[in-house]
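Reader: I am new to this structure. Please pick one helix and take me through it closely, then show me what surrounds it.

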Amino acid sequence: MRTVSAAETAPTTYPWAIHAEGLRVRAGRHLAIDGLDLAMGIGVHGLLGPNGAGKTTLMRSLATVLKPADGRLTLLGESVDGRADLRKVRRRLGYLPQQFGFYPRFTVREFVEYMAWLKEMPKTAVPGAAQRAIERVGLAAKAEARMKTLSGGMLRRAGIAQAIVNDPAVLLLDEPTVGLDPEQRLDFRGLLRDMGVDSCVLVSTHLVEDVVAACTDVVMVNEGRLVYQGTPDGLVAQGGEGDPGDSPAERGYSALLRHYRAGAGK
Amino acid sequence: MRWLTLYLRSRRVPIALATAGGCTALMWSLWSAFSDDRTVAIPMVVLTLLLMTAALTATLSGPDDALDKTAAFSWLPRRIAHLLAAFLIVTVVLLATRATGARFGPAWLVLRDAAGLLGLTALCAATMGTARAWFLPLGWTLVAIITPLPDRLAGRVLTWQAQAPDNTAAAMTAVLLAFGGLIAYAVAGPARSAPAEAAQH
Amino acid sequence: MTRILNIELRRSAALGTALILFVTGVLLLATDRAIFTTGWIQLAMTQRLYLAVLWPLALAAGAWQASREHRSKVAELFASTPRPQAHRVLPTLIAMAVAVLSGYLTMGIAGGLWIIGTAEYLPVAAFAVTAVGVLALIAAVWFGLAIGRLLPWRVTAPALGIAGMGLLLLIPGATRPHGWLALVFSPIYEMNMPGAYAAVPGRASIAQTLWLAALAVTALVLLASSGWRTRMAALLPVALGAALAITVMPHQNRFVNDAIDPVARELTCTEDAPRVCVSRIHSGLLTEVTAPAREGLAVLAKLPNAPTTVHEDTTIYFPDSYPPRRADTVLLDVETGDDAHLADRTDVWMKVVAGAFASPPDCEMSVDPADRIAAAHWLIGSEPAKASEDFEPEDSERAVQLWNDLRRLPADKAKARVVALRQAAVNCTADIGLFSKSTP
C-alpha cells in the first residue's frame, strides 16, 4: 500500500504506452530492426522470435539505451527518437537487460536502493519501495546478502526487483526467467499479472509456455520485422497437427515462422 | 604451435607486451630527451621495471580460471614457462637499452629487481587473485624508492628494491621472493576471482 | 543522497584506500622519526614529503575504483536510468575524498601522538600545510577516477600510480633552474628535512592551493563529460589554474627552504634563576633542559665572571643570523631526538660546560674544539671521552692529551690558562690556545 499522487491517477493523454512506426535500429553495423510497426498498451506482452530476430535490440531501443536510426518511437506519449530529454520517460521505465550487470559487493537491498536512486525516485520513498520490490520477488530472506553470493536464479530475481522498484509505467524484461526453478516461474507469472494490471509490460523470452500462461498479448518478430501480434489463443490457433512442437503454442509458433519464411522467400 | 597461439590470445599477451614495450619506449624517450646523463637514474629504472611487471600481471590469469583448471594436462610446467618467459622479456628489453643513449641501470640491479618483483606479483596472484596482484608490489616499491634504508640489515631487507646491486641481503630477499612466487603460482595457479559470471547467461 | 553515500563509503574502495594510506603513511613516518619530532610544523612538512608515495597511491586508488563500473558491466543497465552521469558519480567522489582525507589525517594523528608530549608551538602554517596535502590527495584520487573512467583497462591503475611518482620525481629536474616552478606544481618540493625554525609562507600555500584546486576541477569536468568536445574543455581549468598559481607564487628559488618563523625562534625562559632559555619551538623541552643546564652552570661557578644563564643557540645560516653576544650566557644546541624528547640528555650538562669556552657563532677565529673539551673536563675533573658524538675523533684525541698536560701543571697555573681561554672565547680573540702562549 502506498500513497498515489494526483499525476498517477490523472487520465492518460496518449493512446499507446509504446508506439513504434517504421522503426529502424542498428546493432553495430547490422540493421537489427528494419521497419517495425508496433503499438502496445496496458497489459503483459510476450515477445517471441528466433535468435538474431532483433528482440534484444528492440528491448534496448525501448529502454532508450540505443537511439533509433530511423522511424518514430513514442514512449508514454513522449517522443524518444530525437535529441529529446529522456529523463522524464526514464523515470517511469523499468529495465532488466539480458546481461544483468551488478556491483558484487553491494547487498541486494543496497543495489535495489541504488537503482531506485538512479531512477530519481523521491528520497523518502526509496527505502519503502525497495523493501516492497524485494518482497514481491521473494528475496526478503536474502535482502542483506551480498550479490556475489547469490545463485543464478536469485540474481535474476534481484534484477527483476530493481526493474520494478519505481512502479514503472513501462516494464521491459529481457529473459527474466533464466535460472528460475518451476516454482519460482509460477510465482513470477503471478507477479507479471499483477504488474500488467496498470502498466505496459514487455517480456522477451524463449519459453513459449510462460507467454501463453501469463501474457495478454503475444508479439512475434523475425529479422527485425513484426510477424504476429495477437492473443495467445490466436497464436495457438495458427498451428495444426502437422507443425513441429510439443504443445499447441509451440506448434502455432513454428507455423507462424514457416509462413513468414515462405512469404519472404517469394 | 596452434595451442601456443590460442593460449597467448586467451591471456591477452600481445596487448600486454605492446603496453610493456610502449611504456619502456616512453621512459627511454623521456630520459633521452630531458637528461644529458647517459645512465638512467636508479629510481627511474626501478619504476620502469615496476611498470613492465604491472603490464604483464594481467597475463597471469585468463577470462575463466575455473575452466582452465579442468584441463587434462598439468599446468605446472606451463605456468613456470610463463613466468620465466616474462622474466626473460623484461630483462632482455631493459638490458638491450645498454647499447643505446639511455642506459637502464646496473645489469645486476635489473636482474635482481625483475626477478623479485615478478616473484612477488606471482605470489600475490596466487593468494589474492590477478586483479589485485599489483597492489603489494606497487606500494612496497614506492616506499622503498623514497626511503631506502641502507644502514641496518632489516632496512636492507625491507627496501631491497632500492639497494645497491652488490648488496647480499637485498639479493637474498629478491631470490626468496622470486622462488617463493614461482612455486606458489606454479603449484596453485591464480586465485579464483569473484563469480560475476553467475549473471552472464 | 546520504543513504547512497553511506552505501558507497562501505562498499566502494573508500575503506581500503583510507586503510592503505594510513598504514603506508605510518610506516614511512616510522622509518626516520628524527625528521618530524621537533614540532607540529615539522610533522606537517614531513607528511607532505611522504606524499611522494601517498599521492601516486591515491591516483592508483581512484583509477581502481573507476574500473568498477567497467568490470561489473553495468553500462547498459545504467544507460536506461534518468540520473545524469555527473549526479551519478557524486557519491563516489565524496566517498573517495573522505577516504583520502581520513587516511592522511589519521596518519597525522599517529605522528601527533608521538610528539604531543613535547611539541607545544602550533603555528597556523601547520594547518595550511596539512590542508594543501589533503587537497593534493583529493585532486589525485579524483584525477585517478577520471582517467580510470576514460581508460578502463587493468593496467591503468598501476601505470597511473607509477606515472604519478615518476612525475613527482622529475618535476625538480624539469623545472631547473626555476626552483619556484617546482614549488608550484609539486606538493613535496622543499618539504625535506625541515629545520627547527622552518616556516611555509602563506603565499606558497595559496599558490599551491590554486593549482591543486584547478586539477580537482579538471578531474570533475572529465568525469562529467561524455564526448571528446567536453573533454577538451577540461584543458581550460588546468591552464587557468597553472597561470594563476604561477602569478601568485613569488619567483624566487628556495622560497620555503629560506623561510624562517621568527616566533618559533623567540626564547622562552624559566621563571627562576639561574635562567635557562630555549626557543619557542623547543618550549616543550624546557623542563628537560633546565636540570642538566643548571648542573653545568654549577660546575662553571668556579670560574671568575662565571656565566649565569644558558640560552639555546638560535643561530641560522643562509641567510646568517646570530643571537646577541652576552658574556654571561652559554649557548647550547638543543635538538629533539627520535623519541620526541631532548636528544643527548646525558651529555647536556657537559655540553654546557664546554659551551662556556666556545666563541660566539659569528666570531671569525673560534676556539679550537680540543681546547674547549680539555678545559671543560679540567673543571669537571674527569677524563674526556675518547670518542664522542658531538666532536670529531681527532679533536677528542687531542683533548685527552691536552687534559693530561693540564693536569700535570700546578693547580693555579692550570686555572689561569683555563680562565684565559674563557676570556679569549668571550672576547673573540682565540688565536690563543690553552698552550700556545705562555700565560702567568
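Author: Here is a close look at one helix, then its chain, then a neighbouring chain. Keep in mind that the model is predicted.

Take helix α2 of chain A, which spans residues 55–62. Is it covered or open? It is mostly covered. Eight of its eight residues are buried. A residue counts as buried when 20 or more other C-beta atoms lie within 10 Å of its own. The run begins with A:K55, A:T56 and A:T57. A:L58, A:M59 and A:R60 are buried too. So are A:S61 and A:L62. The list thus includes a lysine and an arginine as well as leucines. After the helix comes A:T64. Its phi is positive, near 60 degrees.

Now step back to the whole of chain A. It holds 10 helices and 10 strands. Its radius of gyration is 19 Å, close to the 18 Å that the globule rule gives for 266 residues, so chain A is as compact as a globular protein of that length. Along the principal axes, its C-alpha atoms fill a box of roughly 60 × 40 × 35 Å. Buried residues make up 49% of the chain. Among contacts with a separation of 6 or more, 63% join residues 24 or more positions apart.

Chain A also meets chain C. There, 24 residues of chain A are in contact with 17 residues of chain C. On the chain C side, α1 (2–11), α4 (51–72) and α5 (75–79) each supply at least two residues. That side has seven nonpolar, three polar and seven charged residues.

Definitions and conventions: Residues are numbered from 1 along each chain as its sequence is written. Chains are lettered from A and ligands numbered from 1 in the order in which they are written. This is a predicted model: local features need pLDDT of at least 70, side-chain atom pairs count only at pLDDT 80 or more; totals for chains, interfaces and linings use all residues. Two residues are in contact if their C-beta atoms, placed from the backbone, lie within 7 Å. Helices (H or I, at least four residues) and strands (E, at least two) are DSSP runs, numbered from the N terminus. Ala, Val, Leu, Ile, Met, Phe, Trp, Tyr, Cys and Pro count as nonpolar, Asp, Glu, Lys and Arg as charged, and the others, Gly among them, as polar. A residue is buried if 20 or more other C-beta atoms lie within 10 Å of its own, exposed if 12 or fewer, and partly exposed in between; C-beta atoms are placed from the backbone. The radius of gyration is taken over C-alpha atoms; the globule rule is 2.2 Å times the number of residues to the power 0.38.
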